Amino acid sequence: MNGPSPSRRRARELVEPQHWVGGATESVAGLCQFVLLLRLGATLMLVVAAVLIEPDPQTLLLGTLVAGIVTAAELAVVVRHPVAVVRWPVFVLVELAAGAAIAALMQGGPVFFSFSCGSAAVFGVAAGLRAWPVWVVQTVAAYAVVAWIIRLDEVPATLAVYLTGVPTLYVLVGLASATARAAVIRHVNLARSALEAIERSAVAAERTRVARELHDSVEKTLRGLSFAAASLPQAVQQRPQLAAELARTVAEGARTAADEARELLGMLRADDLDATLAQAIERACREWSAKSGLRADTDLSDVAADLPVRHEVLRIVREALGNVARHSGAEHAWIDLVREGVNLRLTIRDDGHGFTVPADLDRLSAAGHYGVVGMAERARQIGGRLRVFSGEDLGAVGGTQVVLWAPAGVMAPMSDRVRT
């Protein structure tokens, strides 16, 4: 079975429910509204000029009334129902019938030619180059009207030359409108393709991020569980006490894995992408304060951030606040976010007892401070840098201070990023 013709396929593509409201049909409808408004304005200006010259303007006003009513009705339909622009044969019938009525009432005249010229533009916008047969019909009919006018009245030679040249405008105006329509549709399609590419990239980045989160948390816990479970059969027969310890390890590991999975799902749901980064941090601080009973004060600037940067910054905030509640003995935390050129700077500090920070943060893992090491790794993943100040580093101020520098907004080139 043969597929639909290109013209029918193009018409159907314009009215796909998922695209037409913000896509090609809406844009074409806007262009059609613009053309109709121009015709209405041009017709009114011609009427004003003609009334000043015409001794008996009643017929002129009657023809203008027909042109105004038809144009206003079409404009109202297109504004309320943009998809109507695809029904271009209906526009052809209405426009040709109105043009014939105006020609019969006024025996031609400026209002007729202005209305007909606008009709050619409307056909070009609504149908594109498919309207060429209508332009031919319009041109032939217009020449017939011109010949009628010249025979009825004693028209000066210069005006006769002008009148005979007017019908050629129909084709030119129609072609110009069809070109504008094609340009608008091409622009919409290019914008849609770019948006789809961005969405695909965002989905890929989100999948990579979720995979990394699973690897860094749940997968490591499950791997440890598998090692413990693999040792259980032999331990049950030879070392019952060790088997009991391994069983407890498996049970605790299973609970840990469930908690990590629950926390990961909670993070995915909690990050409201409609909120700004500052709003998301503010929400995380409120939740932490309500859960821990500790006070959290924020001073957050409205800083734009890419999706990966945003996610890692939020994870670092939550991890740092979790460390404050678990280890610092603090009663108060302060969270600041500012923009510094192409980077953002996040500061999280507390009034706790602090600890001795080694020169290499990776050494903290030996002391059980895996959270700080994880924050440093997250900072490196987004091209940023994380520093921890505590104990003697802060002198009399005391407490602990975590500072993150990371790219802000659109990801900066590697040469512009802070070096780790």
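## Around Ile281

Setting aside neighbours within four places in sequence, Ile281 is in contact (heavy atoms within 4.5 Å) with Leu300, Val313, Leu314, Val317, Ile335, Leu337 and Leu346. Before going further, a quick note on the source: this is a predicted model, where local features need pLDDT of at least 70 and side-chain atom pairs count only at pLDDT 80 or more, while totals for chains, interfaces and linings use all residues. Residues are numbered from 1 along each chain as its sequence is written, and side-chain values use heavy atoms, with hydrogens and water left out.

## Two nonpolar cores

Ile281 also turns up in the largest nonpolar core, a set of 34 residues. A core here means buried Ala, Val, Leu, Ile, Met, Phe, Trp, Tyr and Cys residues joined through side-chain atoms within 4.5 Å; buried is under 20% relative accessible area, exposed is over 50%, and partly exposed is in between (1.4 Å probe, protein chains only). The members touching the most others are Ile281, Val313, Leu321, Leu344, Leu346, Leu386 and Leu404. At least two core residues come from each of α10 (277–292), α11 (307–328), β2 (332–340), β3 (343–350), α12 (370–381), β4 (385–390) and β5 (400–407). Helix α11 gives the largest share, eight residues.

Another core, of 25 residues, lies apart from that one, and its members include Val92, Ala98, Cys117 and Ala120. As background, nonpolar side chains tend to be buried together in soluble globular proteins.

## Ser177 and a surface patch

Ser177 sits in helix α8 (residues 168–238) and counts as buried because its relative accessibility is 9%. Neighbours within four places aside, Ser177 is in contact with Ala121, Gly124 and Val125.

Out on the surface, Leu62, Leu65, Ile69 and Leu105 make up a nonpolar patch with about 350 Å² of accessible area together. Patch residues have over 30% relative accessible area and no salt bridge (a side-chain nitrogen of Lys or Arg within 4 Å of a carboxyl oxygen of Asp or Glu); like charges are joined within 9 Å, nonpolar side chains (Val, Leu, Ile, Met, Phe, Trp, Tyr) within 5 Å. Helix α3 (residues 58–80) brings the largest share of the patch, three residues. Leu65 belongs to α3 and is partly exposed, at 49% relative accessible area.

## Whole protein

The protein has 12 helices and five strands (DSSP runs numbered from the N terminus: H or I of at least four residues, E of at least two). Of its 420 residues, 38% count as buried.

Conventions. Accessible areas come from the Shrake-Rupley method with a 1.4 Å probe; for residues, only the protein chains shown count as cover.
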